[in-house]
2 protein chains.
Amino acid sequence: MTSVSTEPRDTNGPTPATAPTGGSAAQRERRRRILDATIALAAEGGFDAVQMRAVAEQAEVALGTLYRYFPSKIHLLVSALAREFTKDVERSAVRATPGDTAHERIMYVLNRRTRALQKQPKLTEALVRAFMFADQSVTGEIHEVGTSLTTVIARAMHGTPDHGEVTEEEAAIIRIISDVWLSALISWVTGRMDTEDVEKSIDVAVRLLLR
Amino acid sequence: MTSVSTEPRDTNGPTPATAPTGGSAAQRERRRRILDATIALAAEGGFDAVQMRAVAEQAEVALGTLYRYFPSKIHLLVSALAREFTKDVERSAVRATPGDTAHERIMYVLNRRTRALQKQPKLTEALVRAFMFADQSVTGEIHEVGTSLTTVIARAMHGTPDHGEVTEEEAAIIRIISDVWLSALISWVTGRMDTEDVEKSIDVAVRLLLR
DNA sequence: GACTGATGTAGAACGTGTTACAAGTCTAGA
DNA sequence: TCTAGACTTGTAACACGTTCTACATCAGTC
């Protein structure tokens, strides 16, 4: 488990399928298989069960190929998280969020997501721990996740899929809510909070911030 | 790097010096040497440089002894963090925090601590990453850290070393501030925020929460 | 159709966290 | 003092993330 690499990993040439979209059809397909295998293993056994050899085998690629696509286990898991979150954002764009007040709508989307995560505790454990352990070299993927979360909350705040006008203050509030949500998630993953505590702590934060 | 152990590690008998206070004088001394070595190595090279063999060597104990005192690298680092934070709490108990408003006082203590951490980036990186990666088995140490932080903020809020009366709402606010502070610290450690961003994000959170 | 460079494969090898084990040492109580 | 048991030591072994090497395959170019 390496952590802070000051140099950005210089292999011989650019990596082939770092982005979800680039590369040939076969490469996108390999990337998909790898992330699917990652999710499957994580869902079954959590962070420890996502072993690089196991992922490679289940995705039917060589270990070296796996590392060519994702330069570390952390990149792999955070990329998986980013893919899942992106799906969520796409879903949330479809129709307006139910709820009469910003508070209700924000709680709606966050609780929905929280419960979805809690249904797969092992998977959540793996993804959250990876996210928290990520170092500088994972900035891109981390940012993707943060943007997804921000977008979803902003939409809920305004109650509409479009959310062009976010004031400075609103942005600050959204960031704080994200922080609280992530902290609560960690606490839940590590057994320091139960399901109810998570929802309550977010509810309190949203109430205090939106008054 | 193991993570979720459902069973609480059953060695042959109780561990000798899990608590800072228990054990013989020689054991407390060993514990101190181990934590000193940990801090020294972390300060110099960050998380990766805290290698269990290196810690054992520098603390002049056998590897097995190190593991008897601290059952994992994460326990070790979080315990080191807990020790540092506890020192801070003791210092903060001595005299009242400067500042005319709760906002000013809270910013004073948090900024002071933030700057202290930023002076030793490698050390902070090691401690924060360990804290974030900690799993269920580290609950005790984590809780110790959380309590320290809460105590310090509560004192600052009231402006006095005693802080018996913390309302439900105040406790919630303190928890949110802690969450924001930790998130900001992670962002700083992983290079996603600079020094100024950290202070600003906390300032905004405190302002929004205390209005 | 053959050449070439990028990509993929299989598997060995290395580093570090963690565990296991055999033997020495220290301490409390008889 | 002697002994039982806990504690410590030194060292080997194991697991898994990561890197490296030698070879195969494939796509595009002449």
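What follows is a chat between a trainee and a mentor about reading a predicted model of two protein chains with two DNA strands.

Trainee: Before we start, how are things numbered, and what limits apply?

Mentor: Residues count from 1 along each chain as its sequence is written, while chains are lettered from A and ligands numbered from 1 in the order in which they are written. This is a predicted model, where local features need pLDDT of at least 70, side-chain atom pairs count only at pLDDT 80 or more, and totals for chains, interfaces and linings use all residues; side-chain values use heavy atoms, with hydrogens and water left out.

Trainee: Okay. How is chain B related to chain A?

Mentor: The general idea: two copies of a chain are related by a rotation about an axis and a shift along it. Here, a turn of 180° and a shift of 0.0 Å along the axis lay chain B on chain A with an RMSD of 0.1 Å. That is the relation of a two-fold axis. The superposition is by least squares on the C-alpha atoms of residues with pLDDT of at least 70 in both copies.

Trainee: How many residues does each chain bring to the contact?

Mentor: Contact means heavy atoms within 4.5 Å. Chain B brings 33 residues and chain A brings 33 residues. Also, 100% of the interface residues of chain B are interface residues in chain A too, so the copies meet through the same surface.

Trainee: What area do the two chains bury between them?

Mentor: Buried area is the accessible area (1.4 Å probe) that two parts lose on being put together, summed over both. For chain B and chain A that comes to about 3100 Å², with 57% of it on carbon and sulfur atoms. On the chain B side, R129(B), F133(B) and R211(B) lose the most area to chain A, together 19% of what that side buries.

Trainee: R211(B) has a charged side chain, right? What does R211(B) meet in a salt bridge?

Mentor: Side chains of opposite charge can pair when their charged atoms come close. The rule for a salt bridge is a side-chain nitrogen of Lys or Arg within 4 Å of a carboxyl oxygen of Asp or Glu. The partner of R211(B) is E169(A), at 3.5 Å from N to O. Four salt bridges cross this interface, and the structure holds 24 over all chains. For one inside a chain, look at E29(A) and R33(A), whose closest N and O atoms are 3.9 Å apart. Both lie in helix α1 of chain A, four residues apart, about one turn of the helix.

Trainee: Which elements of chain B touch chain A?

Mentor: Helices (H or I, at least four residues) and strands (E, at least two) are DSSP runs, numbered from the N terminus. In chain B, α1 (25–49), α6 (121–133), α7 (139–158), α8 (168–189) and α9 (195–210) each give two or more residues to the side that touches chain A. The largest share, eight residues, comes from α8(B). By type, that side has 17 nonpolar, seven polar and nine charged residues. In this grouping Ala, Val, Leu, Ile, Met, Phe, Trp, Tyr, Cys and Pro are nonpolar, Asp, Glu, Lys and Arg are charged, and the others, Gly among them, are polar.

Trainee: On to the DNA. Which residues come nearest to strand D?

Mentor: A residue is near a strand if one of its heavy atoms lies within 4 Å of it. Of the 18 residues around DNA strand D, R53(A), K73(A), R30(B), T65(B) and Y69(B) come nearest. Sugar and phosphate make up 67% of the strand D atoms that come within 4 Å of the protein. A phosphate oxygen of strand D is 2.4 Å from an N or O atom in the side chain of R30(B), and another such distance, 2.9 Å, involves the side chain of Q51(A). The largest share of this surface, three residues, comes from α3(B).

Trainee: And which residues come nearest to strand C?

Mentor: Of the 18 residues around DNA strand C, those are R30(A), T65(A), Y69(A), R53(B) and K73(B). Sugar and phosphate account for 65% of the strand C atoms within 4 Å of the protein. A polar side-chain atom of T65(A) lies 2.7 Å from a phosphate oxygen of strand C, and for a polar backbone atom of M52(B) the distance to a phosphate oxygen is 3.0 Å. Here α3(A) gives the most, with three residues.

Conventions. Polar contact = N/O pair within 3.5 Å; in protein donor to acceptor, adjacent residues only side chain to side chain.
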